[in-house]
Amino acid sequence: MEKEINPDIQGTTLEIESKKNNDKKVLIESYGCAMNFSDSEIVASILSKEGYNTTQALDEADLILINTCSIRDKAEQTVRNRLKAFNSQKKKNKKLKVGVLGCMAERLKQQLLEEEKIVDMVVGPDAYKDIPNLLQEVDAGNNAVNVILSKEETYGDISPVRLSTNGVTAFVSITRGCDNMCTFCVVPFTRGRERSRDPESILNEIAELREKGYKEVTLLGQNVDSYLWYGGGLKKDFKKASELQKATAVDFAMLLDKVATAFPKMRFRFSTSNPQDMHRSVIETMAAHENICNHIHLPVQSGSDRILKAMNRQHSVEEYKKLVDTIFELIPECAISQDIISGFPTETEEDHLDTISLMEYVKYDFGYMYAYSERPGTYAGKNLEDDVPLETKKRRLAEIIEVQQKHSAMRTAQHVGKKQVVLVEGTSKKSENDFMGRNNYNNVVVFPREDYKIGDFILVDITDCTSGTLLGKAIELKN
Ligand code: SAH
Ligand code: F3S
């Protein structure tokens with residue numbers, strides 16, 4: 001998923017507990033979405049068996065891997081700038097090897113070796129198990145490329161190496177790829193067709209996390225609601241499955257129910273939901289389990305039917321509003337967040353105002369908003385002129401952000417005066433004496449730490465808020 005679920009993780013460097021006998025060092029930097037972050041943990045696990053421990057220090061590294069994002073032009077520019085910085089390190093350490101992973105590797109393939117001379121290895125998102133072989137090629141003095149996309153690979157058999165993050169919250173991927181072909185989006189080209197992961201391996205991974213003390217899991221996919229396990233294979237091939245496979249298939253609502261039931265002391269989130277695939281059964285399952293958080297990330301992209309059609313989104317504004325109504329009917333206080341793109345080709349002022357009016361209807365809790373960036377190879381890139389002037393895109397984006405800020409402030413303030421369970425993720429950035437955690441709705445809550453611990457569920461009296469953060473006082477432990 002190329003959505004920056006948590007922009008804080010952009011450019012994160014990974015560090016894991018070291019294995020004693022490993023004598024080589026890899027520095028892994030991840031850009032873009034949570035899926036990349038999660039994939040980097042899989043790569044760290046594969047490399048750990050090859051004698052590598054991770055490092056955060058450039059001058060210690062024998063190998064640098066950069067896990068890249070292609071979603072907008074700017075994301076790619078950021079990566080190219082990082083490669084320049086690595087270049088000067090390579091001058092100091094001639095043995096240093098540099099590999100590019102992720103969406104840019106898949107999009108540019110061999111071309112990346114020609115454009116960025118510093119790169120030794122290019123590996124697409126489905127080829128990480130081949131890294132040990134590719135490294136041998138590199139050690140033999142050759143460049144190495146594997147960008148083959150897979151119909152089956154879900155890395156279900158690899159136990160990701162957890163990073164020294166907070167030890168409380170973790171990502172677990174449940175699907176890979178995307179079949180939706182939104183006309184602006186590069187993901188179907190870089191991450192391939194949609195496939196789901198065996199529920200057993202998902203449950204096993206969560207059990208491992210629980211043993212290590214993790215308390216919250218976010219189930220990840222480009223389109224989690226379209227999760228479907230029928231024994232493996234592409235989502236689009238389900239029609240051809242046997243009667244038995246169809247009868248025993250597990251959909252997303254069933255998966256959610258399984259994890260929430262199996263791990264009652266853990267809390268679950270999921271991302272991302274595609275409106276046309278989010279069925280009532282998922283919302284009912286959320287409502288039925290206290291340990292499934294009441295937050296739905298529900299990208300809409302535009303509030304104009306004409307633009308939604310041009311984007312090849314599979315729903316109308318009316319259908320989206322109905323879905324939002326159903327969410328509020330079943331979970332009245334559910335938090336909903338959005339992704340919106342301003343300035344898609346042919347977008348008029350009227351289309352833009354339709355987007356604002358949809359925002360006024362939903363009153364989203366959070367949002368991730370972007371100016372349209374033409375991506376080579378996509379349908380829109382090939383067939384639609386990028387005809388909204390940059391100035392107009394930027395102005396519309398600023399207006400959208402302003403409306404979102406108003407709604408975020410309003411929705412945040414609605415929690416003041418309530419008592420809410422907060423999972424402590426760490427100390428507050430501003431004060432060592434305060435903890436920060438999240439409530440059920442994904443709001444950040446800050447409160448005096450007293451004698452509580454990181455990883456505790458605490459009932460907090462929410463007494464005040466700033467524009468984006470709730471402030472409170474701990475009442476009691478709720479583990
Ligand atoms: N289903 C995915 C969406 C991935 S892309 C998920 O799991 O989150 C994340 C967001 O980036 C999209 O929802 C869209 O709002 C934005 N985006 C994608 N392509 C874009 C483009 N060409 N220009 C601007 N924004 C884009
Ligand atoms: Fe991209 Fe649309 Fe899939 S935004 S990831 S093609 S749902």
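In this predicted model, the centres of domain 1 and domain 2, taken over C-alpha atoms, are separated by 28 Å. The contact between the two draws on 16 residues from domain 1 and 19 residues from domain 2. Together they bury about 1,600 Å² between them, and 55% of that area lies on carbon and sulfur atoms. On the domain 1 side, M35, R72 and R107 contribute 36% of the area buried against domain 2, more than any other three residues. The protein as a whole is divided into three domains, with the following bounds.

| Domain | Residues |
|---|---|
| domain 1 | 11–146 |
| domain 2 | 169–413 |
| domain 3 | 419–477 |

A closer view of one residue follows. N146 belongs to strand β7, which covers residues 144–146, and 146 is also the number at which domain 1 ends. Its relative accessibility is 14%, and because buried means under 20%, N146 counts as buried. The side chain of N146 makes a polar contact of 2.8 Å with the side chain of D130, while a polar atom of the N146 side chain also lies 3.0 Å from the backbone nitrogen of I148. Leaving aside residues up to four places away in sequence, N146 touches V122, V123, G124, A127, D130 and L134, so that D130 appears both as a polar partner and within this set of contacts.

Turning to the ligand site, ligand 2 is surrounded by C178, N180, M181, C182, F184, C185, V187, P188, Q222, N274 and R313. By character, this shell around ligand 2 divides into seven nonpolar residues, three polar ones and one charged.

Definitions and conventions. Residues are numbered from 1 along each chain as its sequence is written. Chains are lettered from A and ligands numbered from 1 in the order in which they are written. This is a predicted model: local features need pLDDT of at least 70, side-chain atom pairs count only at pLDDT 80 or more; totals for chains, interfaces and linings use all residues. Side-chain values use heavy atoms; hydrogens and water are left out. A residue is near a molecule or strand if one of its heavy atoms lies within 4 Å of it. Ala, Val, Leu, Ile, Met, Phe, Trp, Tyr, Cys and Pro count as nonpolar, Asp, Glu, Lys and Arg as charged, and the others, Gly among them, as polar. Helices (H or I, at least four residues) and strands (E, at least two) are DSSP runs, numbered from the N terminus. Buried means under 20% relative accessible area, exposed over 50%, partly exposed in between (1.4 Å probe, protein chains only). A polar contact is a pair of N or O atoms within 3.5 Å; within protein, one must be able to donate a hydrogen and the other to accept it, and residues adjacent in sequence count only if both atoms are side-chain atoms. Contact means heavy atoms within 4.5 Å. Domain bounds come from an automatic or database domain assignment. Buried area is the accessible area (1.4 Å probe) that two parts lose on being put together, summed over both.
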